[in-house]
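Good morning, everyone. Please have a look at the structure on the screen while I talk.

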Amino acid sequence: MKLNLSRRDFGLTAAHMMVGSMAGGALMAAGPVFGQAQRTVNLGTFGSIDAQNYIRAKGLAAKTFGPGTKVEFVTVRAGSEVISAMAGNSLDMCNLGSSPMVVGYANGVQASLVYIYKNIIDSEALVVQNSANIKKMADLKGKRVGLPFNTSVHFAALAAFKTAGLGVNDVHLINMRADTIASAWTRREIDASYIWVPVIPRLLEDGGTVLFKTGDLNAAAGLVMFDAFLVRDEFKKKNPDLVLAFLKDFEQIAATFKQNPKEVVDTMTKFLGVDEAAVMRSLNTFYPVTAKEQLTSQWLGKPGEKNSAVVKTLQVQAQFLNETGQINALPKDMNGLIDSSFVAQLA
């Protein structure tokens, strides 16, 4: 089985995104302490309901990084943009999927996975047409499945097919942009789609049923699917205190997302110009992983630990990427991508 992926273009609030580099503006403090060189953090965001935009919306940048730090918020549209920006030293930290991290690592981008942003469970799923008579994974043989190629759902779909003994040639895969899937579904041009929120609810409302969730890959294939924070190595070495400060605040924000959704809805609907339902869909499919959990072998493992579940998943992804020519050679050791020292300090 071959796979071809880099990262989904996360479209939760695509219609409301402001693409490009954006300064923190009013979020900044007046300036650095006299005689002290001002530091700058280029912090990435997908323009969605994430911790970075929550920091912007609440004016917390100075609190998070200190009054002597300038924060530039950079809006990206895909994981490939994150990797390119880090390679060009114009982005320091951002959350993204694991597949583009592997691509970047294999191509020599000096950056490290330092923290699991979220466990992907039901924010990505295989939805089937009720009229297509698909009751189990094996029934997908010969069916038309629409999904965006070179994305995390492409990887998840092929891994899911494999659990049912289906190869890449057993299913008719159709490369489609996420924003065109709903209309193709309505016209019944596809029998199923492996896609993410917010497209999933639209398919369910139009005669669809979830057959498989990305989170099911853990039990079915031993894979943990996740988004994580990637940090540029040079920035990490020069400013470890800023990385740690951000991750500490992220843990608090993640708790707020789960424990006080009303406050988050009120904040993000106003800031992003999206409706309450869009924010709640994001919050309901956001599953943070505590630092203590991340230090176990089921996730990153302790500093220096080998063969954690994350490493095993990265190795599988690297193999798929290599088979389809997305990377030219398999990295010798995927452990080199992981730096769990910050998680160890937080646990």
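I will go from the whole chain to a few helices, some ring pairs and some loops.

Let me start with the whole chain. This is a predicted model. The protein chain has 347 residues, and 54% of them count as buried. Its secondary structure comes to 15 helices and 11 strands. The chain exposes about 14300 Å², and carbon and sulfur atoms supply 49% of that. Now take the contacts between residues at least 6 apart in sequence: 79% of them join residues at least 24 apart.

How far can we trust it? The average pLDDT of the chain is 88, and 89% of the residues score at least 70. Which element has the lowest mean pLDDT, and which the highest? Strand β1, residues 20-23, has the lowest, at 36. Helix α9, residues 233-238, has the highest, at 98. Over residues 1-35, pLDDT stays under 50. The model does have 115 contacts beyond four places in sequence for that stretch. Still, where pLDDT is low, the predicted coordinates should not be read in detail.

Next, two helices. Find α1, residues 51-58. Six of its eight residues are buried, so this helix is mostly covered. The buried ones are A51, Q52, N53, Y54, I55 and R56. Just after α1 comes G59, with a positive phi of about 65°. Keep R56 in view for a moment. Its charged end sits over the ring of F73, 5.2 Å from the ring centre.

Now move to α12, residues 276-284. Which of its residues are buried? They are A278, V279, S282 and L283. These cover an arc of only 135° around the axis, so they lie on the same side of α12. The spacing has a simple background. An α-helix has 3.6 residues a turn, so residues three or four places apart point the same way. And what do the buried residues of α12 pack against? They pack against α10, residues 240-259, and α11, residues 261-272.

On to the aromatic rings. The structure holds 11 aromatic pairs. A pair of aromatic rings is described by the distance of the centres and the angle of the planes. Take F257 and F286. Their ring centres are 5.6 Å apart and their planes stand at 65°, so the pair is edge-to-face. F257 is in helix α10, while F286 is in the loop between α12 and α13. They are 29 residues apart, so the pair links distant parts of the chain. Are these two residues buried or exposed? Both F257 and F286 are buried. They also belong to a cluster. Ring pairs link them with Y54, F65, Y115, Y117, F229, F246 and F250. You met Y54 already: it is one of the buried residues of α1. One more ring: the charged end of K258 sits over the ring of Y287, 5.2 Å from its centre.

Last stop, the loops. P148 is in the loop between β7 and α5. Its relative accessibility is 8%, so P148 counts as buried. What does P148 touch, leaving aside its neighbours within four places in sequence? Its contacts are V153, H154, N175, M176, I181, Y194, I195 and W196. Look at Y194 in particular. P148 and Y194 are 46 residues apart in sequence, yet their C-alpha atoms are 8.4 Å apart.

Compare A164, in the loop between α5 and β8. At 28% relative accessibility, A164 counts as partly exposed. Beyond four places in sequence, A164 touches M137 and A138. The C-alpha atoms of A164 and M137 are 5.9 Å apart, with their positions 27 residues apart along the chain.

Finally, some backbone details. Most residues other than glycine have a negative phi, and most peptide bonds are trans. Here are some exceptions. N133, in the loop between β6 and β7, has a positive phi near 55°. At 54% relative accessibility, N133 counts as exposed. R188, in the loop between α6 and β9, has a positive phi near 60°. R188 is partly exposed, with a relative accessible area of 35%. And the peptide bond from V197 to P198 is cis, with omega near 15°. P198 sits in the loop between β9 and α7.

That is my tour. Thank you.

Conventions: Residues numbered from 1 in each chain as written. Predicted model: local features only at pLDDT ≥ 70, side-chain atom pairs only at ≥ 80, totals over all residues. Heavy atoms only, no water. Buried < 20%, exposed > 50% of the residue type's maximum accessible area, 1.4 Å probe, protein only. Helix = DSSP H or I, 4+ residues; strand = E, 2+ residues; numbered from the N terminus. Arc of directions from axis to C-beta. Contact = heavy atoms within 4.5 Å. Phe/Tyr/Trp six-rings, centres within 6.5 Å; stacked < 30°, edge-to-face > 60°. Lys NZ or Arg CZ within 6 Å of the ring centre and 35° of its normal. Areas by Shrake-Rupley, 256 points an atom, 1.4 Å probe, with all protein chains shown as cover. pLDDT = per-residue confidence, 0-100.
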